[in-house]
Amino acid sequence: MELKQLKWGYLFLLSLVWGSSFILIKKGLVGLSAIQVGSLRIIFAALFLLLIGFRSLSKIPKGRWKFIGLTSLLGTFFPAFLFALAQTEIDSSVSSILNSLTPLNTLLLGVLFFGVDFQKRQISGVVIGLIGSLLLVFNGAVNHPGQNYYYAILVLIASICYAVNVNLIKRFLSDLDPISITTGNFLFLIFPALVILYFTGFYDIIAVEKVQTSVFFIMILGVLGTGIANILFFKLIQISSPVFATSVTYLIPVVAFFWGLLDHEVLTPIQFLGAFVILVGVYLSARK
């Protein structure tokens, strides 16, 4: 398969997997706290990756481990908890739409700190995307008074973490095997996640049926939406550019929106407009 076809294949597959992640988080929050969801997501992904990729750790040069540790925090650890916390107050579809700001942040941080070239049109895209996000958040706050839209800031912080992460991988880890990078990330994270989970009181409620159902959803999220998806994403970064790789967030809201409809989530007309404006901004910023 040609490289161009391959990268689009990865992009489409990732959009399906990550677009489904937001509804899985929502289902996990039915019986678990946000901290428990974040911890279990990391633990399940780590167990899966260490099982299939432990031998690949020897391929990581000693000098690269500091970047493996840093990308594990920015690309997985902080976002896992930030998204779970955000979705305790805002809908999964809104969370996915705000996540589509990741390519804009990738461009901005790439220009500011990683020497990435840019065009004036791309800066216009950033401004348009920010306007769309303001429309989405402020209208949501007005029409959903029962939800605390300040929690949307957590999604924005997570998208910045992703943006820094993808620039770091492209700059310092792009020549390494994606399985090595991903397994190394979760080797760093499994022990902190286990400690955090222990102090949440999870083991006192594990016998509850509702909790067990939520754990099942998070197991799917950890293995498929985190473990396998990260391998695919790192490979996509290697065969494309940071901005193209993060443009998977064009399609994620579409998948997440349909899952949200099935779960009785509804966006207002103004929120639809805000979502459209965000995607226009992302498109302008990501175009070559």
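# A walk through helix packing and empty space

Start by selecting the spot where Ala34, Ile35, Val37, Gly38, Ser39, Arg41 and Ile42 of H3 touch Thr76, Phe77, Ala80, Phe81, Ala84 and Leu85 of H4. By class, that contact holds nine nonpolar residues, three polar ones and one charged one. Keep in mind as you click around that this is a predicted model.

Now show both helices in full: H3 covers residues 34-53 and H4 covers residues 65-86. Their axes sit 8 Å apart, and the packing angle is about 145 degrees. Look at the handedness too: H3 passes H4 in a right-handed crossing.

**Next stop: H4 against H9**

Leave H4 on screen and add H9, residues 178-199. How far apart do the axes of H4 and H9 come, and at what angle do they cross? They come within 8 Å, crossing at roughly 55 degrees. That angle falls between the cut-offs of 35 degrees for roughly parallel and 65 for roughly perpendicular, so H4 and H9 count as oblique to each other. The crossing of H4 past H9 is right-handed.

For the side chains, select Trp65, Ile68, Gly69, Thr71, Ser72, Leu73, Thr76, Phe77 and Phe81 on H4. Their partners on H9 are Ile181, Gly184, Asn185, Phe186, Leu187, Phe188, Leu189, Pro192 and Ile196. Colour this contact by class and you get twelve nonpolar residues, six polar ones and no charged ones. Thr76, Phe77 and Phe81 may look familiar: they are also on the H4 side of the contact with H3.

**Then H9 against H11**

Hide H4 and bring in H11, residues 209-239. H9 and H11 pack at about 135 degrees with axes 8 Å apart, which makes this pair oblique as well. H9 passes H11 in a right-handed crossing.

On the H9 side, pick Pro178, Ile179, Ile181, Thr182, Asn185 and Phe186. Facing them from H11 are Thr226, Gly227, Asn230, Ile231, Phe234, Lys235 and Gln238. The class split is six nonpolar, six polar and one charged.

**Into the closed space**

Time to switch on a cavity display. How many cavities of 30 Å³ or more are there? The count comes to one, and about 350 Å³ of space lies inside. To centre your view, select Trp18, Arg41, Gly75, Tyr162 and Asn230, the closest to the cavity's centre among its 24 lining residues. Two of these tie back to earlier stops: Arg41 is in the H3 contact with H4, and Asn230 is in the H11 contact with H9.

Which elements give two or more residues to this lining? They are H2 (21-28), H3, H4, H8 and H11. Twelve of the lining residues are nonpolar, eleven are polar and one is charged.

**Last stop: an open pocket**

Finish at the second largest pocket, with about 260 Å³ of space. Zoom in on Leu134, Val137, Phe138, Tyr149 and Ile153, which are the closest to the pocket's centre out of twelve lining residues. Two helices give two or more residues to this lining, H7 (120-143) and H8 (152-173). H7 supplies the largest share, six residues. Colour the lining by class to see ten nonpolar residues, two polar ones and no charged ones.

Conventions: Residues are numbered from 1 along each chain as its sequence is written. This is a predicted model: local features need pLDDT of at least 70, side-chain atom pairs count only at pLDDT 80 or more; totals for chains, interfaces and linings use all residues. Side-chain values use heavy atoms; hydrogens and water are left out. On a 1 Å grid over the protein atoms alone, a cavity is a set of points where a 1.4 Å probe fits but cannot get out, and a pocket is an open set with protein on both sides within 12 Å along at least five of seven lines; lining residues have an atom within 4 Å of a point. Grid points are joined across faces, edges and corners, and a volume is the space filled by probe spheres set on the points. Helices (H or I, at least four residues) and strands (E, at least two) are DSSP runs, numbered from the N terminus. Ala, Val, Leu, Ile, Met, Phe, Trp, Tyr, Cys and Pro count as nonpolar, Asp, Glu, Lys and Arg as charged, and the others, Gly among them, as polar. Axes are lines fitted to C-alpha atoms, for helices over the stretch in contact, and angles run from 0 to 180 degrees between N-to-C directions. Angles under 35 degrees count as roughly parallel, over 145 as roughly antiparallel, 65 to 115 as roughly perpendicular and the rest as oblique. A crossing is left-handed if the near helix is turned anticlockwise from the far one by less than a right angle, and right-handed if clockwise. Contact means heavy atoms within 4.5 Å.
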